[in-house]
Amino acid sequence: MKSHVDFLAMKEAGEKITMLTAYDYPSAKLAEAAGVDLLLVGDSVGMVMLGYASTVEVTIDDMVHHAKAARRGATDTFIVVDMPFMSYHISLETSLTHALRLFQTTGAQALKVEGASTEVCQLITRLTSAGIPVVAHLGLTPQAVNVLGGFKVQGKTEAGAKQLIEEAKKVEKSGAILCVLEGIPEPLARFVADHLKIPTIGIGASQACDGQVLVYHDLLQYGSARLPKFVKTYADLNETVLQALKQYVKEVKTGQFPALKHTYSSQEQQILRWED
Ligand code: KIV
Ligand code: NA
(Lines give C-alpha, C1' and ligand atoms only; values in the text may rest on other atoms or scores of the structure.)
(Ligands and ions follow the chains in the order given, each with its own letter.)
Protein backbone atom coordinates (compact mmCIF):
# COMPACT_ATOMS: atom_id res chain seq x y z
CA MET A 1 0.00 0.00 0.00
CA LYS A 2 1.30 3.47 -0.91
CA SER A 3 1.64 5.97 1.95
CA HIS A 4 1.89 9.76 2.06
CA VAL A 5 5.67 9.38 1.90
CA ASP A 6 5.16 7.86 -1.55
CA PHE A 7 2.78 10.67 -2.52
CA LEU A 8 5.43 13.22 -1.55
CA ALA A 9 8.01 11.35 -3.66
CA MET A 10 5.54 11.30 -6.56
CA LYS A 11 5.17 15.09 -6.34
CA GLU A 12 8.94 15.51 -6.30
CA ALA A 13 9.29 13.20 -9.31
CA GLY A 14 6.49 14.98 -11.18
CA GLU A 15 4.33 11.86 -11.25
CA LYS A 16 0.62 12.67 -11.06
CA ILE A 17 -1.38 11.26 -8.15
CA THR A 18 -4.77 9.68 -8.86
CA MET A 19 -7.53 9.85 -6.28
CA LEU A 20 -11.13 8.77 -6.62
CA THR A 21 -14.05 8.63 -4.24
CA ALA A 22 -15.47 5.22 -3.31
CA TYR A 23 -18.31 4.55 -0.93
CA ASP A 24 -18.91 0.83 -0.94
CA TYR A 25 -17.43 -2.61 -1.58
CA PRO A 26 -17.78 -2.84 -5.39
CA SER A 27 -16.66 0.74 -6.13
CA ALA A 28 -13.59 0.40 -3.92
CA LYS A 29 -12.75 -2.99 -5.39
CA LEU A 30 -12.91 -1.70 -8.98
CA ALA A 31 -10.96 1.46 -8.13
CA GLU A 32 -8.20 -0.62 -6.55
CA ALA A 33 -8.15 -2.95 -9.58
CA ALA A 34 -7.84 0.10 -11.84
CA GLY A 35 -4.72 1.20 -9.99
CA VAL A 36 -6.01 4.35 -8.31
CA ASP A 37 -3.33 5.69 -5.91
CA LEU A 38 -5.70 6.59 -3.09
CA LEU A 39 -9.38 6.50 -2.31
CA LEU A 40 -11.60 9.04 -0.62
CA VAL A 41 -14.69 8.02 1.26
CA GLY A 42 -16.05 11.53 0.78
CA ASP A 43 -19.04 12.99 2.51
CA SER A 44 -20.31 13.40 -1.06
CA VAL A 45 -21.68 9.93 -0.21
CA GLY A 46 -24.66 11.84 1.18
CA MET A 47 -25.58 13.25 -2.19
CA VAL A 48 -24.51 10.54 -4.62
CA MET A 49 -25.41 7.43 -2.60
CA LEU A 50 -28.02 8.54 -0.07
CA GLY A 51 -29.96 11.23 -1.94
CA TYR A 52 -29.40 14.00 0.62
CA ALA A 53 -29.66 17.60 -0.63
CA SER A 54 -26.15 18.47 0.58
CA THR A 55 -23.26 17.13 2.65
CA VAL A 56 -24.65 19.02 5.66
CA GLU A 57 -26.95 16.05 6.38
CA VAL A 58 -24.18 13.44 6.53
CA THR A 59 -23.57 11.82 9.94
CA ILE A 60 -20.61 10.02 11.46
CA ASP A 61 -22.64 6.80 11.34
CA ASP A 62 -23.06 7.27 7.56
CA MET A 63 -19.30 7.74 7.16
CA VAL A 64 -18.41 4.72 9.30
CA HIS A 65 -20.89 2.48 7.47
CA HIS A 66 -19.57 3.40 4.02
CA ALA A 67 -15.88 3.58 4.95
CA LYS A 68 -15.99 0.05 6.37
CA ALA A 69 -17.50 -1.24 3.13
CA ALA A 70 -14.91 0.60 1.02
CA ARG A 71 -12.14 -0.82 3.21
CA ARG A 72 -13.41 -4.36 2.59
CA GLY A 73 -13.36 -3.68 -1.16
CA ALA A 74 -9.89 -2.12 -1.27
CA THR A 75 -7.71 -3.83 1.30
CA ASP A 76 -4.48 -2.62 -0.28
CA THR A 77 -5.19 1.05 -1.03
CA PHE A 78 -4.63 4.18 1.08
CA ILE A 79 -8.08 5.35 2.19
CA VAL A 80 -9.00 8.85 3.34
CA VAL A 81 -12.29 9.36 5.20
CA ASP A 82 -14.08 12.71 5.43
CA MET A 83 -14.98 14.06 8.85
CA PRO A 84 -18.62 15.07 8.25
CA PHE A 85 -20.34 18.40 8.88
CA MET A 86 -19.93 19.84 12.39
CA SER A 87 -18.23 16.68 13.70
CA TYR A 88 -15.05 18.76 14.19
CA HIS A 89 -16.37 22.17 15.20
CA ILE A 90 -17.93 21.78 18.65
CA SER A 91 -14.78 21.46 20.72
CA LEU A 92 -11.31 20.03 20.34
CA GLU A 93 -12.26 17.16 22.67
CA THR A 94 -15.35 16.08 20.73
CA SER A 95 -13.45 16.48 17.44
CA LEU A 96 -10.75 14.14 18.72
CA THR A 97 -13.36 11.63 19.93
CA HIS A 98 -15.10 11.67 16.54
CA ALA A 99 -11.77 11.36 14.73
CA LEU A 100 -10.82 8.39 16.89
CA ARG A 101 -14.04 6.59 15.98
CA LEU A 102 -13.74 7.37 12.26
CA PHE A 103 -10.11 6.32 12.10
CA GLN A 104 -10.17 3.28 14.38
CA THR A 105 -13.40 1.60 13.28
CA THR A 106 -12.85 2.03 9.53
CA GLY A 107 -9.20 1.12 9.15
CA ALA A 108 -8.57 4.32 7.16
CA GLN A 109 -5.07 5.75 6.63
CA ALA A 110 -6.10 9.41 7.02
CA LEU A 111 -9.02 11.73 7.75
CA LYS A 112 -9.99 14.84 5.78
CA VAL A 113 -11.21 18.16 7.15
CA GLU A 114 -12.34 21.30 5.32
CA GLY A 115 -11.00 24.81 5.87
CA ALA A 116 -8.07 26.36 7.69
CA SER A 117 -9.53 28.17 10.67
CA THR A 118 -7.41 28.35 13.83
CA GLU A 119 -9.50 25.52 15.31
CA VAL A 120 -9.19 23.29 12.24
CA CYS A 121 -5.41 23.87 12.07
CA GLN A 122 -5.12 23.07 15.78
CA LEU A 123 -7.05 19.84 15.15
CA ILE A 124 -4.74 18.93 12.24
CA THR A 125 -1.75 19.30 14.57
CA ARG A 126 -3.34 17.35 17.44
CA LEU A 127 -4.44 14.48 15.21
CA THR A 128 -1.06 14.31 13.50
CA SER A 129 0.78 14.18 16.81
CA ALA A 130 -1.63 11.45 17.95
CA GLY A 131 -0.84 9.37 14.85
CA ILE A 132 -3.77 10.24 12.61
CA PRO A 133 -2.63 11.75 9.28
CA VAL A 134 -4.86 14.56 8.01
CA VAL A 135 -5.75 15.69 4.48
CA ALA A 136 -6.77 19.36 4.13
CA HIS A 137 -9.46 20.66 1.76
CA LEU A 138 -9.49 24.31 0.63
CA GLY A 139 -11.26 26.50 -1.91
CA LEU A 140 -14.84 25.48 -2.54
CA THR A 141 -15.49 23.59 0.69
CA PRO A 142 -18.98 22.05 0.31
CA GLN A 143 -19.67 21.85 4.07
CA ALA A 144 -19.55 25.68 4.07
CA VAL A 145 -21.89 26.02 1.06
CA ASN A 146 -24.44 28.02 3.04
CA VAL A 147 -21.75 30.46 4.18
CA LEU A 148 -20.12 30.67 0.74
CA GLY A 149 -23.52 31.42 -0.84
CA GLY A 150 -23.57 28.50 -3.24
CA PHE A 151 -21.22 26.26 -5.20
CA LYS A 152 -19.04 29.02 -6.65
CA VAL A 153 -15.44 29.14 -7.84
CA GLN A 154 -13.28 30.49 -4.99
CA GLY A 155 -10.18 32.70 -5.00
CA LYS A 156 -11.20 34.71 -8.06
CA THR A 157 -10.47 38.10 -6.48
CA GLU A 158 -7.02 39.18 -5.35
CA ALA A 159 -8.13 39.14 -1.72
CA GLY A 160 -9.66 35.70 -2.17
CA ALA A 161 -6.51 34.36 -3.79
CA LYS A 162 -4.33 35.80 -1.00
CA GLN A 163 -6.56 34.21 1.62
CA LEU A 164 -6.35 30.82 -0.03
CA ILE A 165 -2.55 31.03 -0.22
CA GLU A 166 -2.41 31.86 3.50
CA GLU A 167 -4.72 28.93 4.26
CA ALA A 168 -2.56 26.58 2.23
CA LYS A 169 0.55 27.66 4.17
CA LYS A 170 -1.32 27.19 7.46
CA VAL A 171 -2.54 23.65 6.77
CA GLU A 172 0.90 22.55 5.61
CA LYS A 173 2.51 24.06 8.71
CA SER A 174 -0.10 22.34 10.88
CA GLY A 175 0.99 18.97 9.50
CA ALA A 176 -1.46 18.12 6.71
CA ILE A 177 -0.13 15.37 4.42
CA LEU A 178 -2.06 16.44 1.30
CA CYS A 179 -4.17 19.40 0.30
CA VAL A 180 -7.31 19.03 -1.80
CA LEU A 181 -7.99 22.19 -3.82
CA GLU A 182 -11.56 22.47 -5.05
CA GLY A 183 -13.04 24.99 -7.50
CA ILE A 184 -10.26 27.54 -7.91
CA PRO A 185 -8.75 29.20 -11.02
CA GLU A 186 -5.72 27.69 -12.74
CA PRO A 187 -3.12 30.39 -11.89
CA LEU A 188 -3.96 30.21 -8.18
CA ALA A 189 -3.83 26.40 -8.19
CA ARG A 190 -0.46 26.56 -9.95
CA PHE A 191 0.93 29.03 -7.42
CA VAL A 192 -0.21 26.91 -4.46
CA ALA A 193 1.03 23.65 -6.00
CA ASP A 194 4.43 25.24 -6.72
CA HIS A 195 4.84 26.69 -3.24
CA LEU A 196 3.60 23.82 -1.07
CA LYS A 197 5.86 20.88 -0.28
CA ILE A 198 2.87 18.58 0.25
CA PRO A 199 1.00 17.35 -2.84
CA THR A 200 -2.09 19.24 -3.97
CA ILE A 201 -5.01 17.20 -5.27
CA GLY A 202 -7.31 19.17 -7.52
CA ILE A 203 -11.00 18.95 -8.31
CA GLY A 204 -12.01 21.76 -10.61
CA ALA A 205 -8.55 23.19 -9.96
CA SER A 206 -6.77 22.50 -13.24
CA GLN A 207 -3.86 20.43 -14.50
CA ALA A 208 -1.48 22.46 -12.29
CA CYS A 209 -2.24 20.32 -9.21
CA ASP A 210 -0.04 17.37 -8.27
CA GLY A 211 -2.96 14.99 -8.56
CA GLN A 212 -6.65 14.84 -9.37
CA VAL A 213 -9.74 13.61 -7.57
CA LEU A 214 -13.22 13.02 -8.99
CA VAL A 215 -16.46 11.68 -7.61
CA TYR A 216 -16.90 8.06 -8.72
CA HIS A 217 -20.53 8.50 -9.78
CA ASP A 218 -19.75 11.69 -11.74
CA LEU A 219 -16.91 10.11 -13.69
CA LEU A 220 -19.12 7.13 -14.57
CA GLN A 221 -22.39 9.08 -14.95
CA TYR A 222 -24.11 6.74 -12.55
CA GLY A 223 -27.11 8.26 -10.83
CA SER A 224 -25.70 11.75 -11.23
CA ALA A 225 -27.81 14.27 -13.13
CA ARG A 226 -26.28 17.72 -13.79
CA LEU A 227 -22.51 17.69 -13.72
CA PRO A 228 -20.18 20.65 -13.15
CA LYS A 229 -17.83 21.81 -15.92
CA PHE A 230 -14.76 20.28 -14.25
CA VAL A 231 -16.05 16.71 -14.53
CA LYS A 232 -14.98 14.53 -17.42
CA THR A 233 -17.23 11.54 -17.90
CA TYR A 234 -15.56 8.29 -18.89
CA ALA A 235 -18.69 6.18 -19.19
CA ASP A 236 -22.46 6.55 -19.27
CA LEU A 237 -23.71 4.04 -16.73
CA ASN A 238 -27.08 5.80 -16.43
CA GLU A 239 -27.83 4.80 -20.01
CA THR A 240 -26.23 1.34 -19.78
CA VAL A 241 -28.02 0.45 -16.55
CA LEU A 242 -31.37 1.86 -17.66
CA GLN A 243 -31.27 -0.10 -20.94
CA ALA A 244 -30.32 -3.31 -19.12
CA LEU A 245 -33.09 -2.92 -16.55
CA LYS A 246 -35.69 -2.16 -19.22
CA GLN A 247 -34.59 -5.25 -21.14
CA TYR A 248 -34.95 -7.38 -17.99
CA VAL A 249 -38.47 -6.10 -17.36
CA LYS A 250 -39.42 -6.74 -20.98
CA GLU A 251 -37.97 -10.27 -21.07
CA VAL A 252 -39.71 -11.38 -17.88
CA LYS A 253 -43.02 -9.98 -19.14
CA THR A 254 -42.68 -11.75 -22.50
CA GLY A 255 -41.31 -15.01 -21.08
CA GLN A 256 -37.93 -14.65 -22.81
CA PHE A 257 -36.24 -14.86 -19.42
CA PRO A 258 -35.50 -17.28 -17.86
CA ALA A 259 -34.57 -19.36 -20.89
CA LEU A 260 -33.68 -23.05 -20.90
CA LYS A 261 -30.03 -22.33 -20.08
CA HIS A 262 -31.06 -20.57 -16.88
CA THR A 263 -33.28 -23.48 -15.88
CA TYR A 264 -32.32 -26.57 -13.83
CA SER A 265 -32.78 -30.01 -15.39
CA SER A 266 -34.85 -32.91 -14.00
CA GLN A 267 -31.75 -34.55 -12.46
CA GLU A 268 -31.19 -31.49 -10.34
CA GLN A 269 -34.86 -31.65 -9.37
CA GLN A 270 -34.23 -34.84 -7.35
CA ILE A 271 -32.56 -32.85 -4.63
CA LEU A 272 -35.60 -30.68 -4.14
CA ARG A 273 -37.84 -31.38 -1.15
CA TRP A 274 -41.12 -29.85 -0.23
CA GLU A 275 -40.75 -28.86 3.43
CA ASP A 276 -43.97 -28.25 5.37
O1 KIV B 1 -16.65 14.41 -0.53
C2 KIV B 1 -15.97 14.45 -1.57
O3 KIV B 1 -16.22 13.74 -2.54
C4 KIV B 1 -14.84 15.36 -1.60
C5 KIV B 1 -14.09 15.49 -2.89
C6 KIV B 1 -14.93 16.16 -3.90
C7 KIV B 1 -12.78 16.15 -2.70
O8 KIV B 1 -14.55 15.96 -0.60
NA1 NA C 1 -16.06 15.94 1.04
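The paragraphs below lead through a predicted model, beginning with its strands and ending with the residues around its ligand.

A suitable place to begin is strand E2, which covers residues 38–41. Strand E1, made of residues 17–21, pairs with E2 in the parallel sense over three bridges. Within this pair, Thr21 stands opposite Leu40 of E2. Between the two strands, the chain passes through helix H2, residues 25–33, and this β-α-β crossover is right-handed. E2 also pairs with strand E3, residues 78–82, again in the parallel sense and over four bridges. Here Leu38 has Phe78 of E3 opposite to it. The side chains of E2 point in two directions: Leu38 and Leu40 go one way, Leu39 and Val41 go the other, and all of them are buried.

A second group of strands is centred on E7, residues 200–203. Strand E6, which comprises residues 178–182, pairs with E7 in the parallel sense over four bridges. In that pairing, Cys179 stands opposite Thr200 of E7. E6 and E7, together with helix H9 (residues 186–195), form a right-handed β-α-β unit. E7 pairs as well with strand E8, residues 211–214, in the parallel sense over two bridges. Ile201 is the residue of E7 that stands opposite Gly211 in E8. Both faces of E7 are covered, for Thr200 and Gly202 on one side are buried, as are Ile201 and Ile203 on the other.

Attention may now turn to positions that carry an annotation. An unreviewed UniProt entry places the feature "binding site" at Asp43, Ser44, Asp82 and Lys112. These residues span 70 residues in sequence, yet no two of their C-alpha atoms are more than 12.5 Å apart, so they gather at one spot.

Two of these positions can be followed in detail. Asp43 is found in the loop that joins strand E2 to helix H3, residues 45–48. Because 29 C-beta neighbours lie inside 10 Å, Asp43 counts as buried. Apart from neighbours within four places in sequence, its contacts are Thr55, Val58, Met63, Asp82 and Pro84. Lys112, by comparison, belongs to strand E4, residues 110–114. Lys112 has 21 C-beta neighbours inside 10 Å and therefore counts as buried. With neighbours within four places in sequence again left aside, Lys112 is in contact with several residues, among them Leu40, Asp82, His137 and Val180.

The unreviewed UniProt entry also gives the annotation "active site", which covers Glu182. This residue lies in strand E6. Since Glu182 has 21 C-beta neighbours inside 10 Å, it counts as buried. Beyond its neighbours within four places in sequence, Glu182 is in contact with His137, Gly139, Leu140, Thr141, Ile203, Gly204 and Ala205.

The final step is the ligand. Which residues are around ligand 1? They are Thr21, Leu40, Gly42, Asp43, Ser44, Asp82, His137, Val180, Glu182, Ile203, Val213 and Val215. This shell divides into five nonpolar, four polar and three charged residues. Several of its members have already appeared above. Thr21 and Leu40 are the residues that stand opposite each other in the pairing of E1 with E2. Asp43, Ser44 and Asp82 are included in the "binding site" feature of the UniProt entry. Glu182 carries the "active site" annotation of the record, and Ile203 is one of the buried residues of E7.

Note on methods. Residues are numbered from 1 along each chain as its sequence is written. Chains are lettered from A and ligands numbered from 1 in the order in which they are written. This is a predicted model: local features need pLDDT of at least 70, side-chain atom pairs count only at pLDDT 80 or more; totals for chains, interfaces and linings use all residues. A residue is near a molecule or strand if its C-beta atom, placed from the backbone, lies within 6 Å of it. Ala, Val, Leu, Ile, Met, Phe, Trp, Tyr, Cys and Pro count as nonpolar, Asp, Glu, Lys and Arg as charged, and the others, Gly among them, as polar. UniProt positions are given in the numbering used here, feature names are shortened, and annotations may be inferred rather than shown by experiment. A residue is buried if 20 or more other C-beta atoms lie within 10 Å of its own, exposed if 12 or fewer, and partly exposed in between; C-beta atoms are placed from the backbone. Two residues are in contact if their C-beta atoms, placed from the backbone, lie within 7 Å. Two strands pair if DSSP finds at least two bridges between them. A crossover is right-handed if, with the strands pointing away from the viewer, the path from the first strand over the helix to the second runs clockwise.
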